[in-house]
Amino acid sequence: QVQLVESGGGLVQAGDSLRLSCAASGRGFSNYAMGWFRQAPGKEREFVAAISQRTGGTYYADSVKGRFAISRDTAKNTMFLQMNRLKPEDTAVYYCAAHWQVSLAPVYEYWGQGTQVTVSS
């Protein structure tokens, strides 16, 4: 069982940066692939980024590639999402998630409660 808590969201202007954190507690953080998803009002939850626990390989949605960077610190049981050059269309609730393997679909077993990111134009 893994518990996930996101932090770092907020209100920023277009072009600014934010760094989201996802703190994990419980057993076996290093055994899980981790992902970030987001959900805007009236829209379905969509994939943002993921990182493999086996290879360290990273995966990104086309809409964030080159602007966002996912990373994890296994020693601190924490995952990060560095978001640069933010756009108004990045506005959403951001969720971190854990699963036994990397997936670009929202099939992850464990989810955090979400953190709001709002980007004004």
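This passage walks through the core, the disulfide, the salt bridges and a few local backbone features of a predicted model.

A good place to start is the interior. The largest nonpolar core of the predicted model has 35 residues. Within this core, the residues with the most contacts are Leu4, Met34, Trp36, Leu81, Met83 and Tyr94. Many strands take part: two or more residues come from each of strand 1 (2–7), strand 3 (18–26), strand 4, strand 5 (46–51), strand 7 (68–73), strand 8 (78–83), strand 9 (92–99) and strand 11 (115–120).

The cysteines come next. A search of the whole structure turns up one disulfide, and the partners are cysteine 22 and cysteine 96, with sulfur atoms 2.1 Å apart. A disulfide is a covalent bond between the sulfur atoms of two cysteines. The cysteine 22–cysteine 96 link is right-handed, with 60° about the S-S bond. Distant parts of the chain are linked in this way, since cysteine 22 belongs to strand 3 and cysteine 96 to strand 9, 74 residues apart. Cysteine 22 has a relative accessible area of 0% and is therefore buried. The value for cysteine 96 is also 0%, so cysteine 96 counts as buried.

Attention now turns to charged side chains, where four salt bridges are counted. Arginine 38 is a rewarding residue to follow here. Arginine 38 sits in strand 4, which covers residues 33–39. Its relative accessibility is 5%, and because buried means under 20%, arginine 38 counts as buried.

Two acidic partners meet this arginine. The side chain of glutamate 46 forms a salt bridge with that of arginine 38, at 2.6 Å from N to O. Glutamate 46, at 36% relative accessibility, counts as partly exposed, whereas arginine 38 is buried. The second partner is aspartate 90, whose salt bridge with arginine 38 has its closest N and O atoms 2.9 Å apart. Because aspartate 90 lies in the loop between strand 8 and strand 9 while arginine 38 lies in strand 4, this pair ties together parts that are 52 residues apart in sequence. Both aspartate 90 and arginine 38 are buried. Salt bridges with shared partners join Arg38, Glu46, Arg67 and Asp90 into one network.

Arginine 38 also makes polar contacts through its side chain. One, of 2.9 Å, joins arginine 38 to the side chain of tyrosine 94. Another, of 3.5 Å, reaches the side chain of serine 63. Tyr94 has already appeared above, among the residues with the most contacts inside the largest nonpolar core. When neighbours within four places in sequence are left aside, the residues in contact with arginine 38 are Glu44, Arg45, Glu46, Val48, Ser63, Val64, Phe68, Glu89, Asp90, Ala92, Val93 and Tyr94.

A salt bridge in another setting is formed by lysine 65 and aspartate 62, with the closest N and O atoms 3.2 Å apart. Here both lysine 65 and aspartate 62 are exposed, while in the pair of aspartate 90 and arginine 38 both residues are buried.

The remaining features concern the backbone and one threonine. Asparagine 77 is not a glycine, yet it has a positive phi of about 50°. Asparagine 77 is located in the loop between strand 7 and strand 8. With a relative accessible area of 25%, asparagine 77 is partly exposed. Arginine 85 likewise has a positive phi in a residue other than glycine, with a value near 50°. The loop between strand 8 and strand 9 holds arginine 85, and a relative accessible area of 48% makes arginine 85 partly exposed.

Threonine 78 belongs to strand 8. Threonine 78 is buried, with a relative accessible area of 13%. A polar atom of the threonine 78 side chain lies 2.8 Å from the backbone oxygen of lysine 76. Apart from neighbours within four places in sequence, threonine 78 is in contact with Ser21, Cys22, Ala23, Phe29, Arg72 and Asp73. Among these contacts, Cys22 leads back to the disulfide, where cysteine 22 is paired with cysteine 96.

Terms used: Residues numbered from 1 in each chain as written. Predicted model: local features only at pLDDT ≥ 70, side-chain atom pairs only at ≥ 80, totals over all residues. Heavy atoms only, no water. Helix = DSSP H or I, 4+ residues; strand = E, 2+ residues; numbered from the N terminus. Buried < 20%, exposed > 50% of the residue type's maximum accessible area, 1.4 Å probe, protein only. Polar contact = N/O pair within 3.5 Å; in protein donor to acceptor, adjacent residues only side chain to side chain. Contact = heavy atoms within 4.5 Å. Core = buried A, V, L, I, M, F, W, Y, C linked by side-chain atoms within 4.5 Å. Disulfide = S-S within 2.5 Å.
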